[in-house]
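Colleague: I've just opened this one and could use a quick tour. Can you walk me through it?

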4 protein chains.
Amino acid sequence: MGAVKTKRMPRAVREQQMLDAAVQIFGQRGYMAASMDEIAELAGVSKPLVYLYLNSKEDLFTACIRREAKALVEAVRAGVRPDVSADRQLWEGLGAFFAHTARTPDAWAVLHLQARTHGEPFASEVAAMREEIVAFVTQLILAAAREAHRDPDLPEREVAGLAEALVGAAESLAAWANATPGVTARQAAATMMNFAWAGLGDLMAGRPWSPPEERAGTQAEERAGTQVE
Amino acid sequence: MGAVKTKRMPRAVREQQMLDAAVQIFGQRGYMAASMDEIAELAGVSKPLVYLYLNSKEDLFTACIRREAKALVEAVRAGVRPDVSADRQLWEGLGAFFAHTARTPDAWAVLHLQARTHGEPFASEVAAMREEIVAFVTQLILAAAREAHRDPDLPEREVAGLAEALVGAAESLAAWANATPGVTARQAAATMMNFAWAGLGDLMAGRPWSPPEERAGTQAEERAGTQVE
Amino acid sequence: MGAVKTKRMPRAVREQQMLDAAVQIFGQRGYMAASMDEIAELAGVSKPLVYLYLNSKEDLFTACIRREAKALVEAVRAGVRPDVSADRQLWEGLGAFFAHTARTPDAWAVLHLQARTHGEPFASEVAAMREEIVAFVTQLILAAAREAHRDPDLPEREVAGLAEALVGAAESLAAWANATPGVTARQAAATMMNFAWAGLGDLMAGRPWSPPEERAGTQAEERAGTQVE
Amino acid sequence: MGAVKTKRMPRAVREQQMLDAAVQIFGQRGYMAASMDEIAELAGVSKPLVYLYLNSKEDLFTACIRREAKALVEAVRAGVRPDVSADRQLWEGLGAFFAHTARTPDAWAVLHLQARTHGEPFASEVAAMREEIVAFVTQLILAAAREAHRDPDLPEREVAGLAEALVGAAESLAAWANATPGVTARQAAATMMNFAWAGLGDLMAGRPWSPPEERAGTQAEERAGTQVE
DNA sequence: GATGAATGAGCATTCATTCAT
DNA sequence: CATGAATGAATGCTCATTCAT
């Protein structure tokens with residue numbers, strides 16, 4: 001299971017192996033229950049080497065958070081074409097998000113569960129990433145308002161709240177989709193669009209949001225490496 | 001801050017004191033980082049008494065989850081009048097929810113963060129409560145469809161996904177509202193209704209969801225002891 | 001299993017119930033693993049009452065040892081008629097001993113295993129009983145020498161060693177007989193007589209010790225309440 | 001009294017030091033009363049190292065039992081020449097046994113008292129050793145019967161009982177000899193031979209068992225490293 | 001006389017972390 | 001570079017024992 005014990009790897013490679021192992025253990029056992037012994041063993045290195053490269057359990061965990069946060073943000077970014085309409089951008093971003101979290105469940109557990117649950121250096125680390133995503137969504141909402149040729153008479157805080165709610169809904173749906181067999185990233189994204197864009201009111205009135213036609217979408221998702229359905 | 005050290009209390013009272021202390025410590029430190037010593041000290045009793053009454057750290061944590069889950073569900077229930085329209089019920093429920101989580105932030109941390117992060121006996125404990133709420137929301141969505149005179153042609157799983165997303169959005173917004181000074185429970189509930197009921201699309205088109213007039217709502221909220229705005 | 005909870009018993013009776021429970025628990029769990037809680041529960045009384053009557057765990061254990069040591073010595077005494085020949089007295093005493101230990105295995109565990117294993121106040125307590133029995137056996141050996149019309153040219157210490165060995169052999173055989181299904185007290189006593197009286201040399205040469213005829217023996221054993229075969 | 005605090009020893013050496021300390025503490029305090037703190041201190045190491053090498057108190061105790069059981073059996077084996085007569089082999093074995101138990105009283109306490117008193121995994125561990133010795137004695141008895149040109153008409157269980165009694169007598173005499181100043185291993189062995197081989201009957205009739213002449217015996221005992229008289 | 005309430009003290013066990021080689 | 005050897009500091013848990021009622 002662990003990395004094959006190979007001698008004399010460059011430091012950067014060794015560090016990535018350690019982070020791989022750490023993300024797996026932290027994601028599965030939790031931050032406190034994870035032991036440095038287990039991580040070192042899974043990484044195929046001795047414990048003192050882990051300390052030499054990553055200083056402490058705290059620093060190691062922080063490094064995990066940073067690496068996985070960056071990977072997630074990049075995956076979402078790569079899934080979105082900046083030149084399409086706002087709702088389309090949201091649709092693409094959600095697809096990339098659900099695809100990435102489904103592909104790396106341990107990393108998602110680290111970011112979504114562990115980092116937020118264990119207090120201070122970590123919570124703000126992941127909060128930074130989250131704010132980046134929330135800001136992206138905020139821009140989308142404002143862009144949508146512009147597209148509708150309306151000055152958004154929504155106060156800034158209201159927009160922030162909407163973005164916050166949207167991201168929270170997506171996070172919850174990611175956990176639900178991963179736990180519910182047969183739900184694909186694409187379906188999860190569609191549910192999100194119906195919920196957030198059309199709204200329950202429209203939905204009940206028979207006006208769901210409709211996903212754009214297939215061809216173009218496929219390109220974008222493949223660029224992002226997603227596997228939407 | 002801790003309970004005043006009063007001697008010789010009946011068991012039921014002492015148990016509640018212990019649970020109070022435990023919720024506070026678990027909520028602030030996290031399950032694993034919380035020490036039974038600290039909990040006992042904050043409760044103003046000796047450690048053996050905690051074990052005599054609550055058996056183990058696991059059982060203590062479970063008791064916290066159960067008590068707070070019950071309290072939360074009851075707070076939401078008490079805030080909702082069953083004879084009003086679906087959107088109105090949702091509005092009232094959200095108000096009660098945000099008010100309760102703002103009033104008991106440690107309890108909310110236990111339920112939302114700690115219980116879900118620390119694996120099995122606990123996750124399913126809180127999952128039970130969550131399902132109760134999701135089921136309530138699901139009923140509201142179906143009721144809304146009936147009110148709109150439409151047979152919901154949404155597949156069952158889609159409705160489940162929508163309810164999941166709605167609850168997740170509310171959960172996220174609760175954390176955001178608690179962390180953002182000046183955001184009241186009432187405002188959070190309004191944001192949620194705009195987001196979930198009207199939808200971003202309607203919102204951008206200038207059709208926000210509008211909260212019902214004051215008088216009736218106030219009654220309901222006062223019954224629940226909430227402090228919406 | 002525990003004594004039926006009856007109110008207002010005279011102190012002497014309550015004490016015996018506590019000792020009964022204590023012997024059972026001490027015999028089965030061992031001195032240290034036995035908890036005062038369990039003993040009090042099995043005795044059907046509250047823990048403070050146990051302390052009121054018997055002071056401490058040490059005193060309670062000592063009281064158990066004294067009571068059971070006395071009972072064992074009396075059972076052996078009652079099984080021996082003082083007016084018969086030395087080998088016959090030994091035979092009767094062994095029969096009574098094996099019968100008693102088989103009848104009260106928890107008490108035997110307390111005396112033979114627990115009391116000797118847990119250091120000072122206890123070891124000397126049971127050593128006193130043991131010396132009484134060793135002295136009895138020593139007298140038998142000297143009586144046998146007189147019956148053989150020989151001044152025992154054995155030094156006193158040699159006789160003490162022989163008695164010690166005999167008692168030790170009997171103790172071992174008691175454990176073995178209790179653990180080996182189908183071995184009766186009578187058979188164990190016969191084995192001991194062959195071993196100790198005739199000796200392996202005689203035995204191998206075809207000269208076993210032969211137990212006396214039945215009728216007289218029965219009387220003695222019934223007096224002692226034994227069940228030798 | 002404890003090992004000199006020397007740093008950085010190879011694991012095998014440290015393990016033996018720990019076992020030395022553990023045997024001493026277990027033998028003197030008893031299994032349950034012995035604390036891992038005390039053992040670690042006496043061994044001159046920290047507690048975590050004891051756990052790193054020996055896993056748990058239970059495993060540590062088991063390791064003690066195994067090491068000392070092996071040592072005892074080997075001491076007896078080394079003291080017996082297999083080509084001499086049965087009674088002579090018994091004499092030599094008893095001498096080696098008494099010499100070994102006198103030399104290592106804590107180890108003997110562990111095997112004879114502690115291991116048997118604290119239930120299962122331990123009891124069967126020492127029972128295995130004891131059965132080895134009982135089997136050896138059983139063979140001696142059968143060999144003696146052959147030497148006397150008699151088919152042993154003794155039933156198998158009778159022989160087992162005799163062997164059990166003999167071993168029990170020896171065990172008791174070992175405790176007695178250790179506790180009685182001035183009794184040598186040789187004297188204890190002689191008492192055992194008189195008791196078990198000649199039998200009290202022969203002894204009283206003036207026919208004691210006589211130890212073999214000195215020269216040959218001395219050799220054997222020296223081989224075993226015993227100090228018989 | 002009898003008991004529910006309460007605790008001081010200790011114990012096995014684990015873990016992040018550091019040297020000496 | 002890499003590691004076997006080693007530990008200080010907690011932590012969950014238990015138990016004999018005692019009051020106040």
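Modeller: Sure, one term up front: a residue is near a molecule or strand if its C-beta atom, placed from the backbone, lies within 6 Å of it. Also, this is a predicted model, where local features need pLDDT of at least 70, side-chain atom pairs count only at pLDDT 80 or more, and totals for chains, interfaces and linings use all residues. Residues are numbered from 1 along each chain as its sequence is written, while chains are lettered from A and ligands numbered from 1 in the order in which they are written.

Colleague: OK, how many residues surround DNA strand F?

Modeller: There are 36 around DNA strand F, and the closest are Ser46(A), Pro48(A), Pro48(B), Ser46(D) and Pro48(D).

Colleague: Which helix gives the largest share of that surface?

Modeller: That's α3(D), with 4 residues. Helices here are DSSP runs (H or I, at least four residues; strands are E, at least two), numbered from the N terminus.

Colleague: And what's the surface like by class?

Modeller: Near DNA strand F you get 15 nonpolar, 6 polar and 15 charged residues. Charged means Asp, Glu, Lys and Arg; nonpolar means Ala, Val, Leu, Ile, Met, Phe, Trp, Tyr, Cys and Pro; the others, Gly among them, are polar.

Colleague: Switching to chain A: how many helices and strands?

Modeller: Chain A has 10 helices and 0 strands.

Colleague: What does UniProt list for chain A?

Modeller: An unreviewed UniProt entry lists residues 12–72 of chain A as "domain: HTH tetR-type"; such annotations may be inferred rather than shown by experiment. That span is 82% helix and 0% strand, and its end C-alpha atoms lie 21 Å apart.
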